[in-house]
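The following exchange asks how certain descriptions of a protein model are justified. Please look at the structure first.

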Amino acid sequence: MVVILKKNPDQTQLNNLVSWLSGKGIDVHTTVGATQTILGLVGDTTHLDIDLISALDIVEAIRRVQEPYKNANRKFHPQDTVIKVGNTQIGGGSLTLIAGPCSVESEEQICDIAQKVKASGANLLRGGAFKPRTSPYSFQGMREEGLRLLSLAKKLTGLPIVTEIMDISQLPLFDDVDIIQVGARNMQNFELLKALGATQKPILLKRGLSSTYEELLMSAEYIMAGGNDQVILCERGIRTFESYTRNTLDISAVPVLKQLSHLPVVIDPSHSAGKNELVDPLSCAAVAAGADGLIIEVHNDPPHALCDGPQSIRPEAFDKLAAKLSRVKEICSL
Ligand code: PEP
Ligand code: MN
């Protein structure tokens with residue numbers, strides 16, 4: 001349920017209302033906007049007397065929220081959520097570029113790519129240290145050493161780092177990580193989501209291979225229910241009958257998720273396509289559709305990459321793409 005307050009509500013009445021609701025076991029999330037203050041009520045609101053609340057001087061209107069996701073719902077928080085990481089921000093109108101290899105492979109590799117993508121305008125560096133691979137015989141990532149090398153590249157370039165967590169037990173290793181990625185395969189690892197909800201780190205939450213928008217938003221809700229509001233939604237392609245591409249980029253996810261939720265929406269064209277030549281057009285489409293950012297795999301030697309070489313673009317291609325995307329963004333913001 002959402003309680004919309006009148007302009008400049010009396011503070012004493014507001015405090016009384018909030019403590020009365022808390023006494024009934026309801027969590028109250030207050031969002032102060034430029035023109036409106038909204039109270040988002042989380043908990044069992046079925047027994048609340050709506051007429052009693054509506055009759056208060058400070059209350060403008062009351063709306064029931066049918067959707068099962070509350071904190072992630074735009075009705076709870078009409079303004080876009082903006083997540084600040086270092087000097088960069090995600091959401092609120094800017095276009096954030098996250099770039100780097102699928103996996104960290106060596107100090108030379110990650111530092112070289114980090115310097116190049118930074119020079120091209122990337123805002124954050126990506127790189128997997130713990131890799132969720134379909135085959136147990138494939139490269140599993142450099143693990144702790146990979147995290148150490150990411151920190152090194154961060155120190156060298158100043159780029160904040162984004163990397164994937166696969167298990168709660170890895171959390172203590174993620175102190176220097178700026179954004180923790182939850183991969184598609186872990187989108188419904190609810191114990192992991194709860195543990196991330198107890199942190200203060202921004203979380204890049206990837207959509208599961210066969211998950212609906214509502215399931216993605218419910219996973220975001222798990223993190224937010226724990227007190228961590230900093231969730232970035234990521235569409236990375238879904239399973240369909242089409243097998244030419246690795247997955248099918250669901251471009252509708254951008255406008256729909258932004259309509260349903262206030263959380264930033266980022267597109268991953270690399271895992272959507274599985275083919276490097278599709279990264280450019282899919283990225284342009286994502287920006288045109290209103291995405292808040294892109295996460296793109298960039299490798300200095302794609303044919304020899306230990307993971308996801310075919311979908312990785314070279315730093316020179318990223319350089320051209322980054323310049324093109326800022327033009328697309330400009331045109332589409334008209
Ligand atoms: C990745 O980003 O390298 C990755 C494994 O992504 P996803 O979880 O979307 O497959
Ligand atoms: Mn990958």
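Contact here means heavy atoms within 4.5 Å. The model is predicted.

Q: What makes α3 and α4 helices in contact, and which residues meet?
A: Contact requires heavy atoms within 4.5 Å. E107, I110, C111, A114, Q115 and K118 in α3 meet L149, L150, L152, A153, L156 and T157 in α4, so these residues are described as a contact. They divide into eight nonpolar, two polar and two charged.

Q: How is the packing of two helices described?
A: Two packed helices are described by the angle between their axes and the distance between the axes. For α3 and helix α4 (residues 144-157), the axes come within 9 Å and cross at roughly 35°. The crossing of α3 and α4 is right-handed.

Q: Why are C102, H271, E297 and D308 called donors of the manganese ion (ligand 2)?
A: A donor is an N, O or S atom within 2.8 Å of this metal. The SG of C102, NE2 of H271, OE of E297 and OD of D308 coordinate the ion at 2.0 to 2.4 Å, and therefore they satisfy the cut-off. C102 lies in the loop between β7 and α3, and D308 in the loop between β14 and α10, 206 residues apart. Both C102 and D308 are buried.

Q: Why do β2 and β3 count as paired strands?
A: Pairing requires at least two bridges. Six bridges join β2 (residues 27-32) to β3 (residues 37-42), so the strands pair. They run antiparallel, and T30 has L39 in β3 as its bridge partner. With four residues between them, β2 and β3 form a hairpin.

Terms used:
Residues are numbered from 1 along each chain as its sequence is written. Chains are lettered from A and ligands numbered from 1 in the order in which they are written. This is a predicted model: local features need pLDDT of at least 70, side-chain atom pairs count only at pLDDT 80 or more; totals for chains, interfaces and linings use all residues. Side-chain values use heavy atoms; hydrogens and water are left out. Donors are N, O and S atoms within 2.8 Å of the metal (3.2 Å for Na, K and Ca); water is not among the atoms, so sites may look incomplete. Helices (H or I, at least four residues) and strands (E, at least two) are DSSP runs, numbered from the N terminus. Buried means under 20% relative accessible area, exposed over 50%, partly exposed in between (1.4 Å probe, protein chains only). Axes are lines fitted to C-alpha atoms, for helices over the stretch in contact, and angles run from 0 to 180 degrees between N-to-C directions. A crossing is left-handed if the near helix is turned anticlockwise from the far one by less than a right angle, and right-handed if clockwise. Ala, Val, Leu, Ile, Met, Phe, Trp, Tyr, Cys and Pro count as nonpolar, Asp, Glu, Lys and Arg as charged, and the others, Gly among them, as polar.
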